[in-house]
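Me: Could you give me a close look at the charged side chains here and how they pair? I work at the bench, so please say how each term is defined as you go.

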Amino acid sequence: VTDWLYILDDINSERMYLIVGKERALLFDTGYGLFDFRPLIREVTDLPLTVVCSHGHDDHVLGNHLFDTVYIAREDYELCLAGDNPESKDRLIRSRYKKTPYIEEVIDRDAYMNMTIRNCDYRFVGDGDVFDLGGLTLKVYPLPGHTKGSIGLYCKEHRAIFAGDALTYHPVIMYGK
């Protein structure tokens with residue numbers, strides 16, 4: 001998009017944002033985890049990488065298995081781990097096959113079913129926390145609604161907000177307590 005912002009498209013469904021400062025880069029969301037997109041990130045930057053998840057739904061966190069440390073709101077930690085089971089992963093992969101049939105030929109289904117996101121070092125973020133990338137700062141704002149722990153990141157230098165599914169161009173109706 002620009003020299004500081006890249007959008008990674010996860011099988012025409014989820015968007016992950018790579019935000020590049022002068023000293024660090026930040027990946028906002030890790031997608032389904034069906035593909036190892038780290039080489040693509042390294043084509044863009046070799047800066048140290050911070051990984052932050054907007055919320056705990058499996059289509060935004062199952063790629064966490066590719067990283068050692070991941071930041072998420074405490075309120076969504078259990079939700080994040082809830083999708084890391086064979087039933088959820090099987091349901092997810094079968095739904096992706098229906099929407100994007102070509103991926104069935106290129107995904108290692110066994111490896112996907114056996115990967116886990118439980119080995120990450122999870123660190124909790126909350127209202128007002130700041131990620132300093134060097135020349136770019138990203139401030140955490142809670143955006144509850146889509147999930148209890150949905151967060152957004154605001155970059156004041158570029159007047160840009162990253163909000164995962166908390167803000168979207170199409171209606172999302174959620175029911176719950």
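Reply: Happy to; what follows goes through the charged pairs, then a charged residue without such a partner, and ends with two backbone angles.

A word on the ground rules: this is a predicted model, in which local features need pLDDT of at least 70 and side-chain atom pairs count only at pLDDT 80 or more, while totals for chains, interfaces and linings use all residues. Residues are numbered from 1 along each chain as its sequence is written, and side-chain values use heavy atoms, leaving out hydrogens and water.

Side chains of opposite charge can pair when their charged atoms come close. Searching the whole structure turns up seven salt bridges (a side-chain nitrogen of Lys or Arg within 4 Å of a carboxyl oxygen of Asp or Glu).

One of them joins R15 to D9, with 3.5 Å from N to O. Burial is graded by relative accessible area: buried is under 20%, exposed is over 50%, and partly exposed is in between, with a 1.4 Å probe and protein chains only. R15 counts as partly exposed because its relative accessibility is 35%, and D9 is partly exposed at 40%.

Another salt bridge pairs R118 with D84, whose closest N and O atoms are 3.7 Å apart. These two residues are 34 apart in the chain and link distant parts of it: R118 sits in the loop between α5 and β6 (121–125), D84 in the loop between α3 (77–82) and α4. Such helices (H or I, at least four residues) and strands (E, at least two) are DSSP runs numbered from the N terminus. The burial of the two partners is as follows: R118 has 46% relative accessibility and so is partly exposed, whereas D84 is buried at 8%.

R109 and D90 form a salt bridge as well, their closest N and O atoms lying 2.3 Å apart. Since R109 belongs to helix α5 and D90 to helix α4, this pair ties together parts 19 residues apart in sequence. R109 is partly exposed, with 29% relative accessibility, and D90 is buried at 19%. Salt bridges with shared partners also connect D84, K89 and R118 in one network.

Now for E14, in strand β2 (residues 14–20). E14 is buried but has no salt bridge, and R96, the nearest side chain of opposite charge, is 6.5 Å away. For that search, Lys and Arg are positive, Asp and Glu are negative, and His and the chain ends are not counted. What does the side chain of E14 make a polar contact with? The partner is the side chain of H60, at 2.9 Å. A polar contact here is a pair of N or O atoms within 3.5 Å; within protein, one must be able to donate a hydrogen and the other to accept it, and residues adjacent in sequence count only if both atoms are side-chain atoms. Apart from neighbours within four places in sequence, E14 is in contact (heavy atoms within 4.5 Å) with L8, D9, Y32, D59, H60 and D165.

Finally, two charged residues have backbone angles to look at. D29 is not a glycine, yet has a positive phi of about 85°; D29 lies in the loop between β3 (25–28) and α1 (38–44) and is buried at 2%. R159, also not a glycine, has a positive phi near 50°. R159 is in the loop between β9 and β10 (160–162) and is exposed, with a relative accessible area of 73%.
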